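Subject: Structure handover and notes

Hello,

Please find the structure below, with my notes after it. They go through the model one region at a time.

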Amino acid sequence: KACRSFSVVNGCSEGREFIHNLKQGYYKQISVLTGAGLSTNAGIPDYRSPDTGLYSILEKEYGMKSPTDIFQLSIFYRNPQLFYGYLKKINFDMFHPTLSHYFIGFLETKGILCVNFTQNIDGLELRAGISREKLVTAHGDVTRAHCPSCDKEYDIEELKRKAMNDQIMYCDTCPDVPIKPRIVFFGEMLPDEFHEKSSLLSEKSDCGLIIGTSLQVAPFNSLPILFPTITQLVVINNEPLDHIPRISASSLYYKGNCDSIVQEIIKECEWEKDFNDFRASI
Ligand code: CNA
């Protein structure tokens, strides 16, 4: 089955089958892989969208030739101001979860969320009712701070306060090592739970939703291959993900804004009232 592109959720027989199975409760263990596209509707730029992505902004507004430098560990050690400037500019506390975030939280309250692997660092999942147990922040998140050398935990609020005042916070045991949010920089290991929980995809999931990610970043982009071939995969994204063989070989592809498509899924499943009640309860 080739990857197909539809903008309405029941626009093809595979789409109708997916909605039917979801509505009837046939999927009991839904795993969700997410990326920066989930949070663009919250106002947080993704990295790679042309013109609106962070890399394009850094290139255009700051003349940075290699914008990924702000997430390079070796550069952070030498020049922490570069990353602290970004932290000062993007205050993640002022953003709110999107409809798509709440949808994942809603799946958890329905008891059908297996796991949400996210590449996002903004922590919006936790504010949308997704529990830490069901969440794997594969690239870390900004809700905690640590020393990248000894891994000692530091107070994230203090780090943010200092960043706002252009002050760098240093580790008290590792000389000259600046503290950073617990997000994974290039050159750092992914958290253990990324590896430990990947078996949930291969052993438990009967449905996989892949939302708002370009799947350009390794090793996260190797996760889809773990889904058994009988597991229904559904991609909801602005662009196709045909470079991933497991996806191009067998998945349903909804092209467009994830919030609009998720809204349609909720409507087709007749979950609107329950979903709105859930959202109001958070
Ligand atoms: P990316 O490479 O920027 O890709 C984003 C993808 O989402 C692209 O395919 C876009 O076409 C698509 N997209 C953007 N907006 C929407 C939308 N509203 N609806 C549907 N599709 C949309 O980002 P990835 O997550 O794939 O790359 C991984 C990086 C991005 C990770 O290291 C993250 O830490 C990092 N990141 C995270 C955030 C965040 O936490 N919100 C923000 C920016 C970057």
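At which residues does UniProt place the feature "domain: Deacetylase sirtuin-type"? The unreviewed UniProt entry puts this feature at residues 8-272. Please bear in mind that this is a predicted model. Within the span 8-272, helix makes up 33% and strand 16%. The C-alpha atoms at the two ends of that span are 17 Å apart.

The ligand

The ligand is surrounded by 28 residues. Gly35, Gly37, Asp46, Asn120 and Asn238 are the closest of these. Sorted by class, the shell holds 17 polar, 7 nonpolar and 4 charged residues.

The three-stranded sheet

One open sheet has 3 strands in the order S6-S5-S7, and the pairing is antiparallel. Strand S6 (153-154) and strand S7 (180-183) are the edge strands, each pairing on one side only.

Strand S5 covers residues 140-146 and is joined to S7 by 3 bridges. Ala145 has Pro181 as its bridge partner in S7, and His146 stands opposite Lys180 in that strand. On the S6 side, 2 bridges join S5 to S6, and these two strands run antiparallel. Here His146 stands opposite Glu153, so please look at His146 from both sides: Lys180 is across from it in S7 and Glu153 is across from it in S6.

The hairpin of S5 and S6 has 6 residues between the strands, and Asp151 in this hairpin takes a positive phi near 75°.

Helix H7, residues 156-164, lies across S5, S6 and S7. The direction of H7 is at about 90° to S5.

The H5 and H11 contact

How do helices H5 and H11 pack against each other? Helix H5 (residues 99-109) and helix H11 (residues 258-268) have their axes 8 Å apart and pack at an angle of about 40°. The two helices, H5 and H11, are therefore oblique to each other. From H5, the residues Leu99, Ser100 and Phe103 take part in the contact, and they meet Cys258, Asp259, Val262, Gln263 and Ile266 of H11. By class, the residues of this contact are 5 nonpolar, 2 polar and 1 charged.

Backbone points to check

Most peptide bonds are trans, and most residues other than glycine have a negative phi. Two places in the loops are worth a look against that background.

- Ala218 and Pro219 are joined by a cis peptide bond, with omega at about 0°. Pro219 is in the loop between strand S8 (207-211) and strand S9 (232-237).
- Asp166 is not a glycine, yet its phi is positive, at about 60°. Asp166 sits in the loop between H7 and S7.

Asp151, in the hairpin of S5 and S6, belongs with these, as its phi is also positive.

Regards

How values were computed. Residues are numbered from 1 along each chain as its sequence is written. This is a predicted model: local features need pLDDT of at least 70, side-chain atom pairs count only at pLDDT 80 or more; totals for chains, interfaces and linings use all residues. Two strands pair if DSSP finds at least two bridges between them. Helices (H or I, at least four residues) and strands (E, at least two) are DSSP runs, numbered from the N terminus. Two residues are in contact if their C-beta atoms, placed from the backbone, lie within 7 Å. Axes are lines fitted to C-alpha atoms, for helices over the stretch in contact, and angles run from 0 to 180 degrees between N-to-C directions. A residue is near a molecule or strand if its C-beta atom, placed from the backbone, lies within 6 Å of it. Ala, Val, Leu, Ile, Met, Phe, Trp, Tyr, Cys and Pro count as nonpolar, Asp, Glu, Lys and Arg as charged, and the others, Gly among them, as polar. Angles under 35 degrees count as roughly parallel, over 145 as roughly antiparallel, 65 to 115 as roughly perpendicular and the rest as oblique. UniProt positions are given in the numbering used here, feature names are shortened, and annotations may be inferred rather than shown by experiment.
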